[in-house]
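Reader: I would like a close look at a single part of this model, namely one charged pair and its surroundings. Please take me through it carefully, and then set it beside comparable pairs elsewhere.

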Amino acid sequence: MGALGGGRRLLRSGLLPLCGVLLLAGCASMPSSGEVRKVGDTQHADSDTQVRVGAIPPSPDETPSAIVSGFMEATTSSEADFTTARKYLAKGVQWNPGAKITVFSGQAVSHETGGSAKGGEAMVDLSATKAAVVDTKHAYEPSQGPFDTEFHLIRQDNQWRIDGLPGGLVLSDSDFQRIYHSVNMYYFARLGPDGHGSDGPVQALVADPVYLRNQTDPLVATVSALLGGPTTWLAPVVSSAAPTGAALDSKASDGGVTVDDSQRLRVRLDRAADGLRGTRCTMFAAQLFATVQAQASAPLSSVELLRADGSTACRLPGQQAAQYGSDKLVGRDARPYYIEADGDHRLLALPEDDADSEPRATPVSGPFGAAKAGLGSVAIRRDQQAAAGVRDDGHDLVVGSLVGGTGFGKALVHSRAAGGLSAPSWDGFDDLWVADRDPDSPRLLVLSGGMGTPVEVPVPGLEGRVESLRVASDGVRIALVVQDHGTTRLQLGRIVRAGSTQHPAFSVDDLRPLSPVGESVTSVSWAGPSRLVVLDAERGGAQRIEYVNTDGSAASALQGVSEAASVSASENPKLPLLASYAGRVYQLPADANWKQLSPKGVSPVYPG
């Protein structure tokens, strides 16, 4: 019995360029007393390089365990076709490395049986702790537990070779992180009644994170993955304008994807796309623009889709492509808001120009900024013209203007339990979401258009009750903090939107746990197209602010945080992180220290 992969059988060589990928690995400190300060970089760009790793073929007279170890090492090389890895296999063996990826944590242990010089076959059993599985759609899913598999070997030409092995790849978590990178694919949300606006159809792009292998031409891999369609989890609530069955033109010498010196993206498809034209062509070009732009180091100027014969199917300039982007729903000029800690508990807003060393917030217009506002929590509509607030110790949900008005109207939702209503949240289509935490009758509610009769939203498979929530601007994803038997955990749900304009219908389906998070999640906020920021406590009580990707993979944590009350971020990742601590609100701009806001306050939020 031995540890697998003790010696590296790989050759590392030159550096090749990659599309720019941002690594979020910052550290910040919010001490239990004294000034809040930053102790490291919150964000830094990758070095734009990739180490090329070559594999070593099998040597004569290697043992079965050494053959298995060498094979697994060879699968971590930079070879796109796994040529060297296949040399460890017996002749005629069928192996599909793209079937799936099993990711294990720590070190795998191997056990060899048989394998004598005179024997004709051997078995190598592999045991490890499974961390995740990546499926054929490149979707990452945490999957923790024991993992056992086996390799069967035979003697062929007097050398041991593998003739039976698990499908796909088996990689350590460190190798997986080195070889693969996360990419957001973009698809159009299925919006139901909200997809029909007064000015015509409403289109919203949704980020769908996948993991792709680092290659010499990442654009080809990215566009091919987009053509393959959305991941299984997201597919029921999104659609793609890509032609059915279309692929990149295999006859093109450049792989079918190029970006020229003018930053024009050109994609050439095979004959399955010959009928692509009009609105559908433009929509697929918008998907391509958003997907490739998220990785590119420079702004794209346009997208051009070509048919197999080289003729142009459509062109989409960058300015028009931007109209489909998430910024349209998130809001480009979002600014921080929070509730005054003392006195009237009214809503304050930070000035748009907050360059001062100690930025000062002022009351908003209308009833939310008036005396005796009595707010416990608040959500700002994404156009920043209106807000929703919970008053009267969590009993009542009210909606009002941020640009005028003299008082709150009648409560739109009333909870019978003290502190019953969660903080509300707006999606990008002015629908308002809130949870009633009444222990006797917990409910998830939505108010279409932010007004009228609240509609109860079924959540199949929910165990426990929703404590807090944040809905994405795209309107088809919702983050829920769920309490069950004293534990609060983070889950992500799909929002299915149906019905009619007069009678909209909603449900939240297929809840998926997001990890790693602690046993006590107290605050969650969207922090990018496919990323959340969470305030939670680890086992034993150590608190942290952590970024978590929507596929369940961990992004990074801000270290040394303690005693924070809440955390908030914007889906626009360029905006500062917000946190409340000891009756004060702080913001963490990029490449700067935590800045204390005045006056004192709690519950900081961005629009949404």
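Author: In this predicted model, aspartate 175 and arginine 178 are joined by a salt bridge, with 3.2 Å between the closest N and O atoms. Both residues belong to helix H3, which spans residues 173-179, and because they lie three residues apart in that helix, about one helical turn separates them. An α-helix has 3.6 residues a turn, so residues three or four places apart point the same way. The two partners can also be described by their accessibility: aspartate 175 has a relative accessible area of 9% and is therefore buried, the cut-off being under 20%, whereas arginine 178, with a relative accessible area of 28%, is partly exposed.

This pair belongs to a wider set, since a search of the whole structure finds 21 salt bridges. Among them, arginine 264 and aspartate 260 meet through their side chains at 2.8 Å, N to O; here arginine 264 is partly exposed at 42% relative accessibility, and aspartate 260 is partly exposed at 24%. Another salt bridge brings together the side chains of aspartate 484 and arginine 489, at 3.8 Å from N to O. In that pair, aspartate 484 counts as buried at 18% relative accessibility, while arginine 489 is partly exposed, its relative accessible area being 24%. Elsewhere, salt bridges with shared partners link Asp194, Asp427, Asp431 and Arg497 into one network.

Technical notes:
Residues numbered from 1 in each chain as written. Predicted model: local features only at pLDDT ≥ 70, side-chain atom pairs only at ≥ 80, totals over all residues. Heavy atoms only, no water. Salt bridge = Lys/Arg side-chain N within 4 Å of Asp/Glu carboxyl O. Helix = DSSP H or I, 4+ residues; strand = E, 2+ residues; numbered from the N terminus. Buried < 20%, exposed > 50% of the residue type's maximum accessible area, 1.4 Å probe, protein only.
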